[in-house]
Amino acid sequence: MPEKMVAIMKTKPAYGAELVEVDIPKPGAGEVLIKVLATSICGTDLHIYEWNEWAQTRIKPPQIMGHEVAGEVVEVGPGVEGIEVGDYVSVETHIVCGKCYACRHNRYHVCQNTKIFGVDTNGVFAEYAVVPAQNVWKNPKSIPPEYATLQEPLGNAVDTVLAGPIAGKSVLITGAGPLGLLGIAVAKASGAYPVIVSEPSEFRRELAKKVGADYVLNPFEEDVVREVMNITDGNGVDVFLEFSGAPKALEQGLQAVTPGGRVSLLGLFPGNVSIDFNNLIIFKALTVYGITGRHLWETWYTVSKLLQSGRLNIDPIITHKYKGFDKYEEAFELMRAGKTGKIVFMLK
Ligand SMILES: NC(=O)C1=CN([C@@H]2O[C@H](COP(=O)(O)OP(=O)(O)OC[C@H]3O[C@@H](n4cnc5c(N)ncnc54)[C@H](O)[C@@H]3O)[C@@H](O)[C@H]2O)C=CC1
Ligand SMILES: CC(=O)[C@H](N)C(=O)O
Ligand SMILES: [Zn+2]
Ligand SMILES: [Zn+2]
């Protein structure tokens, strides 16, 4: 076992990050040490890299970045039960208290004391990482590390898409960023038809098609609501899934969903949003779900089985695979430019 490792670290309260050599950490009580096999970049990592307003209030450098991972357990700390050296694992990022009102109602995804692994703690953009044992998820060997690392964001997509019936339903997805793309894969694997995607970026519309979108629309050049009505014989879609965080997309989706339809909102808006509640939600009798995190642990079972089924069309979504962390700056800049789906660092 080596003593040192490389890691992408937010060293300073400023734009960027550094590749550093640091000691391999030791797992304490209730923790395990994993050897990272694959780790992927989340939009939150980009916010930390860019040092946006949210990051400035939340992140305390120096800190190792990253939270999406597949790895192998190489050391188990005192008091850990049910996890052994050699286990092939991923990590739920929400560290929940288990004691608050929400947790005691089994609503761990809205724990009032949630800490986020890799945001409030050191993370997994490193050769090794210490992980709280309570957050470890065991993977079957049949899921390759480049897919297993995507389970955490896939969980967001699964909770968004599967918050209500989806098989045989017409669907509008707004936003084909990494999460919207995963949402398309889940919707298609679950039998939705047609899946209509609204996304301004041509690069991402092409990705959406590769993942299986039946129709793609450019909301900056086409009338999304009219196109959806044309495709659905004037009825509107059964399900509207918001993955963009764009207020305009929210309004279009609420107009395009059929009366009595279902809406799942995952995208985070830049601030308060003004919508016509009376006409767009109440008189349409919509069912609207706010989506956050993942249900523990139901969502992970669903994600794992979807991956094992082989029905998720993930390959087109992984647009960039890097061996090691050497080109991390290129990776972050590509992501900033919106020229990516998911980026995975392979350490195997
Ligand atoms: N609720 C939750 O638990 C979580 C929410 N999020 C949020 O989910 C959203 C999606 O995440 P990512 O895919 O990583 O973000 P992203 O920013 O990469 O993707 C958003 C996509 O929406 C597109 N878009 C912009 N304006 C649009 C419009 N008017 N109509 C349709 N599409 C439009 C953009 O071109 C982009 O491709 C973000 O808002 C993120 O903050 C992310 C993680 C967890
Ligand atoms: C904060 C994050 O980026 C995380 N993926 C989450 O689901 O909360
Ligand atoms: Zn994330
Ligand atoms: Zn709690």
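In which loop does H67 have its place? H67 sits in the loop between β4 (63–64) and β5. The model described here is predicted.

**Overall layout**

The protein chain falls into two parts: domain 1 (4–150 + 314–346) and domain 2 (157–290). Their centres, taken over C-alpha atoms, are 29 Å apart. Contact between them involves 7 residues of domain 1 and 9 residues of domain 2. On the domain 1 side, the touching residues are 3 nonpolar, 2 polar and 2 charged.

An unreviewed UniProt entry lists residues 16–345 as "domain: Enoyl reductase (ER)". Over residues 16–345, helix accounts for 29% of the chain and strand for 25%. The end C-alpha atoms of that stretch are 17 Å apart.

**Strand pairing**

Strands β2, β1 and β4 form an open sheet, in the order β2-β1-β4, with antiparallel pairing. Its edge strands are β2 (18–23) and β4, each of which pairs on one side only. Strand β1 (residues 4–10) is joined to β2 by 6 bridges. Within this sheet, M5 stands opposite V22 of β2.

Strand β5 (residues 68–76) takes part in further pairing. Its antiparallel partner β3 (residues 31–40) is held over 8 bridges. Strand β6 (residues 88–91) also runs antiparallel to β5, with 3 bridges. Two residue pairs help to locate these strands. V36 has G71 of β5 as its bridge partner. A70 has S90 of β6 as its bridge partner.

Strands of a sheet pair through backbone hydrogen bonds, either parallel or antiparallel.

**The annotated site**

UniProt, in an unreviewed entry, places the feature "binding site" at C42, H67 and E68. These residues are spread over 27 residues of sequence, yet they cluster in space. The largest C-alpha distance among them is 7.9 Å.

Is H67 buried or exposed? H67 is buried, because 26 other C-beta atoms lie within 10 Å. Leaving out residues up to four places away in sequence, H67 touches C42, T93, F117, G118, V119, G123, V124 and E152.

E68 is found in strand β5. E68 counts as buried because it has 28 C-beta neighbours inside 10 Å. With the sequence neighbours up to four places away excluded, E68 touches T39, S40, C42, T149, L150, E152 and P153. C42 is thus one of the contacts of H67, and it is one of the contacts of E68. E152 is likewise among the residues that touch H67 and among those that touch E68.

**The two ligands**

Which residues surround ligand 2? The shell consists of C42, T44, T93, I116, V119, E152, N156 and G293. C42, a member of this shell, also belongs to the annotated binding site. T93, V119 and E152 are in the shell as well, and they are among the contacts of H67.

Ligand 1 is surrounded by 28 residues. The closest are G43, G175, G177, S244 and G245. Two helices, α5 (178–189) and α8 (247–256), each supply at least two residues of the shell. The largest share, 3 residues, comes from α5.

The table sets out the shells by residue class.

| Shell | Nonpolar | Polar | Charged |
|---|---|---|---|
| Ligand 1 | 11 residues | 14 residues | 3 residues |
| Ligand 2 | 3 residues | 4 residues | 1 residue |

**A position in domain 2**

T258 lies in strand β15 (residues 257–265). Is T258 buried or exposed? T258 is buried, because 20 other C-beta atoms lie within 10 Å. A residue needs 20 or more such atoms to count as buried. T258 touches N235, G236, V237 and D238, not counting residues up to four places away in sequence. F240 is 18 residues from T258 in sequence. In space, the two are 9.0 Å apart, C-alpha to C-alpha.

Definitions and conventions: Residues numbered from 1 in each chain as written. Chains lettered and ligands numbered in written order. Predicted model: local features only at pLDDT ≥ 70, side-chain atom pairs only at ≥ 80, totals over all residues. Domains from an automatic or database assignment. Contact = placed C-beta atoms within 7 Å. Nonpolar A, V, L, I, M, F, W, Y, C, P; charged D, E, K, R; others polar. Near = placed C-beta within 6 Å. Helix = DSSP H or I, 4+ residues; strand = E, 2+ residues; numbered from the N terminus. UniProt positions renumbered as here; feature names shortened; annotations may be inferred. Pairing = 2+ DSSP bridges. Buried ≥ 20, exposed ≤ 12 C-beta atoms within 10 Å, placed from the backbone.
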